[in-house]
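Please open the structure in your viewer and keep the selection panel at hand, since the tour moves from one selection to the next.

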Amino acid sequence: MFGRDLREQVHAESNSGEPRRVPIIVEKCIEAVDALALDYEGIYRKTGGSTQTKAITQLFERGDYSSFDLLDTDRFNDICSVTSVLKNYFRSLPNPLLTFELHDQFITSASIRDPAVKHSTLLELVNNLPDEHYYTLRTLMTHLHR
């Protein structure tokens, strides 16, 4: 899972009955943070304990997602470990969330001064992302907005 292309991961996790748009790791980590730590200041700036971060990473790497619940605060009592796992997942992507292909255009659009032009340019770029990247970005931004 870690170091695997986002599109490949989503397709690997999809089954015929329930196609996926976002990797399970993203959904499970965000679900835990939303439920347990939205009022925790600096949640993504703080680093989780290495023992629990490694344990959560290994659970995801095994692929048996139903065998653990990140909402189980007895087992996973360090919410910063959950956010550390999510950050590590995004860092390990071989093609980043905003993709190498569109990177320069995203950087250039950040310097556009006219708000309307900037908005339309960014909207166009986001809509040009591969579907799996688009839906994962949308899920992440909605979470961060909350």
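How many disulfides does the structure hold? In this predicted model there are zero disulfides. To see why, select Cys29 and Cys80: the sulfur of Cys29 lies 12 Å from that of Cys80, its closest cysteine sulfur, which is too far for a bond, given that a disulfide needs the two sulfur atoms within 2.5 Å. Both side chains can then be looked at for burial, where Cys29 counts as buried because its relative accessibility is 0%, and Cys80 likewise counts as buried, at 4% relative accessibility.

Next, select Phe60 and Leu70, which touch the most other members of the largest nonpolar core, a set of 35 residues. The elements that contribute two or more residues to this core are α2 (24–36), α3 (50–62), α4 (79–92), α5 (100–110) and α7 (131–145). Stay with Phe60 and show its surroundings: leaving aside residues up to four places away in sequence, Phe60 touches Met1, Phe2, Ile25, Lys28, Cys29, Tyr65, Phe68, Leu70 and Val85, so that Cys29, from the previous stop, appears again because it is one of the residues touched by Phe60.

Finally, select helix α1 (residues 6–13) together with α7, whose axes come within 8 Å and cross at roughly 90 degrees; the two helices are therefore roughly perpendicular to each other. On the α1 side the contact is made by Leu6, Arg7, Val10 and His11, and on the α7 side by Glu132, His133 and Thr136. Coloured by residue class, this contact divides into two nonpolar, three polar and two charged residues.

Technical notes
Residues are numbered from 1 along each chain as its sequence is written. This is a predicted model: local features need pLDDT of at least 70, side-chain atom pairs count only at pLDDT 80 or more; totals for chains, interfaces and linings use all residues. Side-chain values use heavy atoms; hydrogens and water are left out. Buried means under 20% relative accessible area, exposed over 50%, partly exposed in between (1.4 Å probe, protein chains only). A nonpolar core is a set of buried Ala, Val, Leu, Ile, Met, Phe, Trp, Tyr and Cys residues joined through side-chain atoms within 4.5 Å. Helices (H or I, at least four residues) and strands (E, at least two) are DSSP runs, numbered from the N terminus. Contact means heavy atoms within 4.5 Å. Axes are lines fitted to C-alpha atoms, for helices over the stretch in contact, and angles run from 0 to 180 degrees between N-to-C directions. Angles under 35 degrees count as roughly parallel, over 145 as roughly antiparallel, 65 to 115 as roughly perpendicular and the rest as oblique. Ala, Val, Leu, Ile, Met, Phe, Trp, Tyr, Cys and Pro count as nonpolar, Asp, Glu, Lys and Arg as charged, and the others, Gly among them, as polar.
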